[in-house]
Every structure is written in C-alpha cells, then in structure tokens.
Amino acid sequence: MNARIILPALLAALACAGEAPLRLTGDAVAVEAQVVDGALVERYLARRGAEWIEVARNAPGLCAGPVHLVVADRAGGSGAFSPFLTSAHAARGAGHRLSLADGTLTVMSEVEGSRLIRRIALDGAWVKITTRLEPARPLWLRAFADQYLAAAKPDWSYAPSVGGFDPDAKYKSPLILAQSGRSAVGIIPELAALDRAALGLCPHALDLDVPGGPLLTVGFMPARKVRHTVFAADGEQSWEVKAPLENSYLLQLDADAEPGQAFRRAVRLHWSRYGRAEQARAGAQQQGRKHGGFARLDLWDSWRPFVWTAESRAQWLELPLPGGGTGGAVSTQRPHRSLYFSTWFNSLRTAVGMGLYARRSGDAETLRRARQTLDLALALPGRDGAFKCIAVPQPDGTTQHWAGDGKLWSLKTGYLGYDMSWTAYWLLKWRAAGLPGSEAILPRCQALASFLLARQYPDGLIASRFDEDGSADEAMSRQLRAESGPIALFLLELNAQAPDPKLVEAALKALAFLDREVVATRQWYDFETFFSCNARPETFDQRTQQWPVNNLAMSQTVSAYLKAWQATGDRHWLDQGGIVLDYLLLFQQCWTSPSPRMHAMTSPTMLLGGFTTQNADAEWSDARQSQIGNALLDWYRETGTAEYLERGVAALRAQFPVSPDENWAHEGWGGASVVSSFHWGTGSGMAGIELEEDFLRDAIVDLRAGVGVGVNGLDLTGLKVDGTAVSFALASPFAWSRPATVVFRHAEAGQRYAVTVNGAAAGTWSGAELQAGVAIAPAVRLAVPPGIPAGATAGWGTATDRVIADFEGGSWGGWTATGAAFGDAPAAGALPGQTPVDDFMGKGLANSFRGGDSAIGTLTSPAFVIDRGYLNLLVGGGGGAETTVTLVVDGKPMLSARGRNSERLAWTSWNLAAFKGRTARVEIADRATGAWGHILADQIVLSDTALARPAGGP
C-alpha cells in the first residue's frame, strides 16, 4: 500500500510572502503564524524577563503548519480510493486563511470542500490547540497529527515510555517534553476531548523523537507493539474518517523554567484539570469486580470483614517457630506456598493493617493472626543483624529460608538490603501503632542498622546485595543504586523512634548520593528495573534520551526525603523530595481511558489515582499505589498541600476496582492482570485504608485549603467555606446503614462552625469536634447504582435519572415473562452450561439462557412515560435478529439492540427526542433456538445523558 504525505508545495498561498505575521500574545507565551512562499509557518515563544524566546516551531514539510496528514490509497488493502489533496487539487486552488479575533488565532486550509481548521488560544500559561479535519467525503487515513520542532537539543526530556511512541494505552498522566536549560516545550493531550468513539477508530498517541528534531508529535496514529509494552507507529494501518475529527491538546512553552524541572508544571495541570474533576464523581470506584465474592463489595464496611476474615483465613499458612510458638501469614505461591517479607509481597505491612482493624473492631482472632506474622518476622534467621525474608515450608515439616525478591522468582542465597529494610520499616510501624508484641522490635532493627552502616561506601551508597557470609556485592549494589533510598527511609524511621546521630548521618549521606547519582541522571534502578517481567539491560534509550526508570524504590525514597526534613529541618531535603515526588506523580493516573481496547471498564473513574511501574511497562493501577497513597498523605500532613491529599485518597482507592488482581492492562490495552499475592493486591490495598482510617474516615474537608474529598464510596462536591459557615453536597452510589463520618482539618478549636449538607442544616460543632469527625446523616444514594461505563459524561448519576429496571430483586417485579427462557427471577450471572457473563451491574441481570440456547421467551416491562432524552441499557448475548431488546412506543416497535455474540454486556443508548411524552415499554425477546440463541440485558435507565453513541431519534 502506498501513502501520500501531503506537502506544503501542494497548497498555494493566499497570503503574500513577507506579510507580517499574526501574533497571539499572553503574559508568558505567544504564538506567531504567517504564510511564507505558500507555506504556513508557526512560531511558539515564551518570555524570559523582557525578552521573547522561540522555544519551538512547526515541523517543516507538512500540509498546514504542524499538521501531519497521511492518506491511504486503499482502505485496509482493498477498495480503490482517490487520495485527498493531490497535486491536481492544488492546481485548482488551495491555501491558508489566517484570522485573529476574540483571543483565538484561526488558520483554515481548504481544498475542494475538505478543510483543516486550527484554532489556537491561550489557556492561562498554556496554549490550547485544536486541529479539526472536515472531510468532503470519506477518507482513509494513516495519520492525523501535529508535529513540532523544539528549538534546541534537550538536556532533559521525558516520554512515558522508552521508544517514545505512546498510544493512549500509556496515557496515565500523558506528557512529552524536551527541555534545554531554562527553555522547554511539552505536549499534553486534551483528555476531556478523547471519547470512546474516536479512540475506537484509531489510537491517539504522543511521540517524542529527540534525534529526529527534537520532534514532538500528537494526534491519531495507529500503533503496533514492538515488544512487551513498547509501541511504535504503524504506517501500514489505516482507518476511515467520515465525520469531522478533532485533535486537541495543550502546548507547554517555557523560557524561564528551573533546569530539569519544567515537567512539574505539567504535573500540576494533570491533577487540577483532570484528576480533581474525576475524583469528584469517583465514589463508585471502590465497588468490587464480578470476580467471586468481590462482586458484593462496595463500602469499607463490606470490604473489611471479607478481606480480613474470609480471604485472609482461607489462604493462611502457619509455621512452627524455632523457639516455640507459631508464626503465620497469608501465603504466597512463589515458588509454592511460602511466606514473604519482601518489597513486593510484604506480609508484615499487611499484618499492620490487619492488626489496626482487629484492635478497632475488637476482633481477637484476627489480632492473634496478625501477631503471628510479627512473631515470624522477628524469628527470621540470619547473621550479624541481617536476616532472610522468605520462609518456604518443606514436605518434611521443616522450613527453608531464602534471601528475598532479588529476581522475578526470588533468590535463595545471601541477603537483600532492600527487602530487609522494608520489613524492618514495618516492624517499626507496628511498634509506632502500639500493637502488642513490640518489645523485641527495636533490638532487631538496631542490629540490622549496624549491619548496613558497616557496609556503607564513602560516597554514600549503602550496599543492598550481600553474599551468604555477609560480604557486600558492590557491583550489583551499584547497579541497583536507587535501593539506597528505601534503606535510608528505614534508618530515619529508626532514628525517629530511637534517636541516634549515626543513623541520620548515614541516611543523609545516602540521600546525597541519590541526589548526585540517581535524581540528577534519572537512573532509578532497583531490582524491579532489571529483574521483573520486563527484564532489560542498563541501556540508554537514544530516541527519548532517557535511561530505564522504575518507581518502586523511588516511591519509598520520597518518604525518606520527608523524614530527612523532619529529622534535620534542612529545607534542602524537603525541596529535593518535592522534585522526586512530582516526578513520581508522572506515573499516577489522572483519568481512566475510555478506549474500547481497555477491557471491562465499569466506570470512567475506575482506575483514577493508580500507578504504573516504569517506562518500559504499562500497568494501570499497579498494587504499589496503596503504599504511595500513604506516602502522599504523609506529605500532605507535613506540607498542607491539598493536591497531595486528593491524590493520596485516589491512590488508596484505586486498588479496589482491580482486586483481587495485581494490576490492569499489564501490556498496554486490555483487562485485569493476575492475582500474584494477597500482599500485592487486596491485602495491601486494605492495609493502606486501615493505616489512614482515623485520619480520613468516610470523607475529609480541609477548611484552610477549601478542599473536600469523599473517601469511602462518597462524592463530596460544591464545598464552600465562608468563615465559620461550611456547606457541601454529599452523595453515594451505595446503600448506607449508618451515618457517614466526616473529618475537618485545620478547624480552629475555639470556634463553632455551622455545617450545611445537601442544602439542609446538618449541625453546629466546635472546631475540636470537627477535627475528631462528626456523623452526617443520611448519606444520599444516587438514583443509578455504580458501574458507569467508560466514556460517560460528568452529568451521570444525577437525581434526574430514572431506573426502569436494574434486575436486583428476587423476582421480575412488574415485568411480564413468557416462555421458559428467562425463568421466574433475574439471574445472578452465568447460568448452568453458560460461559462466564461479564460487565453487568450489581448482582442480577436478565439472562435468557435458562435451559440453554434452545429455550425461548420474552420479558416485557410495565408501561412508562418517556420524560428523558435517552434510554441507556446494557445488552449482551446473541447478535441475531431473534435475540433483541426493543423499545415499543404506543404499541409499535421503534428502536432495538442486539448482543454481539458475546457474554460481555455493553452499553447502548437510544435517543428519545422524537418520543418525548409518549408511552413506552421495553421488550427483551429470545426467539432463537440455535447457537447464540440467548439475550442478556441489565440496567435500563432513562437519563438526560447518553452513555454510548446514541441511536434513533431525529
């Protein structure tokens, strides 16, 4: 297949060469556009003092300024097609029209009715650009993107992935950026403009090619996987465009940024523009997936007993301790049933959460089990203060002890400084919580500290790999240099509980080493960087000018910097930690992709706040997010930065829609991953919640910052703080059996505050009472249950929605069933002989497989008046003409939907504008007896918001 790249020579100039450019100017950024010798030229400038500096311009040789449009001669290899914008078209007249009005610079390029329209406007310190293609006839495209040349070779660059080509599967906090000194140019896609329909046609992508420009590209470009999660543009694929298509994004221009820190402005934008808005409607996020008993879980009230009693006890493994007694923990299957005290699967972190829950609830049995984990950790064998981190039971009743998580399937011999330090850190957290059995913790931790301090090198690196005799493996320790960060965190936590200047001195030397050798170079190397599922060498990515970057040790290092600030009062450690924390936040999700390639999403906020792992992997919502959530809340408590509070809550909650799996979309697009461990999944996620329970409760309001966050299945919106008058709206998609407890931070103890919730006076409390938490009753339940699909708009879930059926009861209610196919009541999922049914909502659905594909029948709703603009419904099952869901209006069938020969339900939306005020029924019919002779339906809701591309109507 041939592709024709549209060149500027194809376009005749309508403006004269040399004509003065049009200029859009703001306080800090400016854009110039003009036509020179028939070519559209755009320059992008930023202010440095009184001087304007060009930081980027459009890439030359394209059809209209930066627009890169590639048209296929053939559609998918078949079907002749006459290319768009041929030289013959240009000969008949084509050109560019420039105008500047109402703060918008508009550039229009037109050929025979097909147009490219670029609208450039200032959005604060950002440039908002939308390039719109309006085809005169259907086009088959291979690329529709904008390209920019940075003005100088960067000394600091960023792309989410090595290789630089990042389709929307990598859009957690999407950014590409090239910085040279104080000048920088970056691109962030306008995430709010990316919808399911457009992404279903072609991926949206970012591409950073430093040797090729540096060239920054953003737009619709087909993608192919090179390896694991590394992608590249696929110039052989094409897609059809029949309707207007828009490529919208934000351009970051800097001429006076701190060297190597221009990315921090993008981090602020990610949350303020996208994450905060998503979190305001994320209450449904923590509903369990339809995976065993998890489908019944929503509020922490139901998660807690399920996790800490049913799940943990079902997988509990006990071991005899050398001095008598019994140790135990939830087992991990590596290599077979084993107990882990490592970086990925730390049983002790889980046990701290379990112990806090048990003490709070008075559950003596659960506390006894948590204590078994502590006792086992204290009994792990070793030498000179070092200890093993894995206990592996043998068939003969003995126990082998292994080093820890040094490779994907762990190391048998030696000792690992990272694993030991992380376990010791949680020993100290157990002690700080005042949980029982803490007496032996300090001696064990002090012995480990002495072992590590004796093996610190003069430049500050602390060895992290040791042979069986305790000698350090310097070569491996230097390769995994970022592991000094978690070791420093342990030393500083130990100093906080048992002050010792030697601990602080060693930790600060380690952090100074990280400043020089890791932070400055971005060589965040720990064992996961090289020995995880995406093993790779220590090689520099030439295309993006990045080293391999992993965030496991980074996530603990940000806490070490905070501890260093608290121990010394030296502002350097707080400032340096803030830089590292912002870099870590480039791995946090500020939205959930609506792409149909992201399988089985149940909500547009489903994965909000989760974390990916590294720039050569692609997990959405990896289990480390719970640990990072706790770290973010520590930063909030210390700095008062409300963004860290919001991000921390989002990170903690992001584990639950994934549970019990480890992560989502492990290799880019796709669905849930695997259950690798209770301690790297549900147990870790629930422990993160328990650690913050007394601080967050069900919702939290920061009166000083004017920020409120729903925590436990709640949406807190509309917060207003006017002196001592506080008002907000509180809603939940879940049924509450108790009042919600809301805590208020930064209230003045001597003041009394009047609190209004949902427009009604909730009560008057003292500042001290608000700080302790007050009961707000009742929590309002939204009209539509949880499970919003990807692509739903922010208007979903309002009180105006009207449920026609959710099939949650024990009978059909007012619906009429005929035949045998549907039975006497809704199904709870798949029926006997049926493969698993996925993506229905709640606990029930209409399923006509009762009796198999040969059974037939109908299910008809009571009559209702159409008083909303849309009818949204989930439909699955057979795709034939005899398996349908039909809207019958005034006795006549008007609109229908079918399954797709799949047991996965998907959203259908019907435009009801033509039927407003008329009487209707919904008929679910199975009249087929062959293969796929059944229909699935659920969640039929009248709404003013469409949850899919609407069908029907005028």
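Reader: What makes aspartate 702 and arginine 745 a matched pair here, and which strand holds the arginine?

Author: Aspartate 702 stands opposite arginine 745 in strand 38. The model is a predicted one, where local features need pLDDT of at least 70 and side-chain atom pairs count only at pLDDT 80 or more, while totals for chains, interfaces and linings use all residues. Residues are numbered from 1 along each chain as its sequence is written, and side-chain values use heavy atoms, leaving out hydrogens and water.

Reader: Why are strand 34 and strand 38 called paired?

Author: Two strands pair if DSSP finds at least two bridges between them. Strand 34 (residues 699–702) and strand 38 (residues 740–745) have four bridges, in the parallel sense, so they qualify as a pair. Strands here are DSSP runs of E, at least two residues, and helices are runs of H or I, at least four, numbered from the N terminus.

Reader: What makes strand 35 and strand 41 edge strands?

Author: They belong to an open, mixed sheet of four strands in the order 35-34-38-41. Strand 35 (707–710) and strand 41 (774–776) each pair on one side only.

Reader: How do you know that the length of helix 15 agrees with its residue count?

Author: The expected span is 1.5 Å times one less than the number of residues. Helix 15 (residues 625–639) has 15 residues and should therefore span 21 Å; its end C-alpha atoms are 20 Å apart, which agrees.

Reader: Why is helix 15 called mostly covered?

Author: Buried means under 20% relative accessible area, exposed over 50%, and partly exposed in between, with a 1.4 Å probe and protein chains only. In helix 15, 11 of its 15 residues are buried, among them Trp635 and Tyr636.
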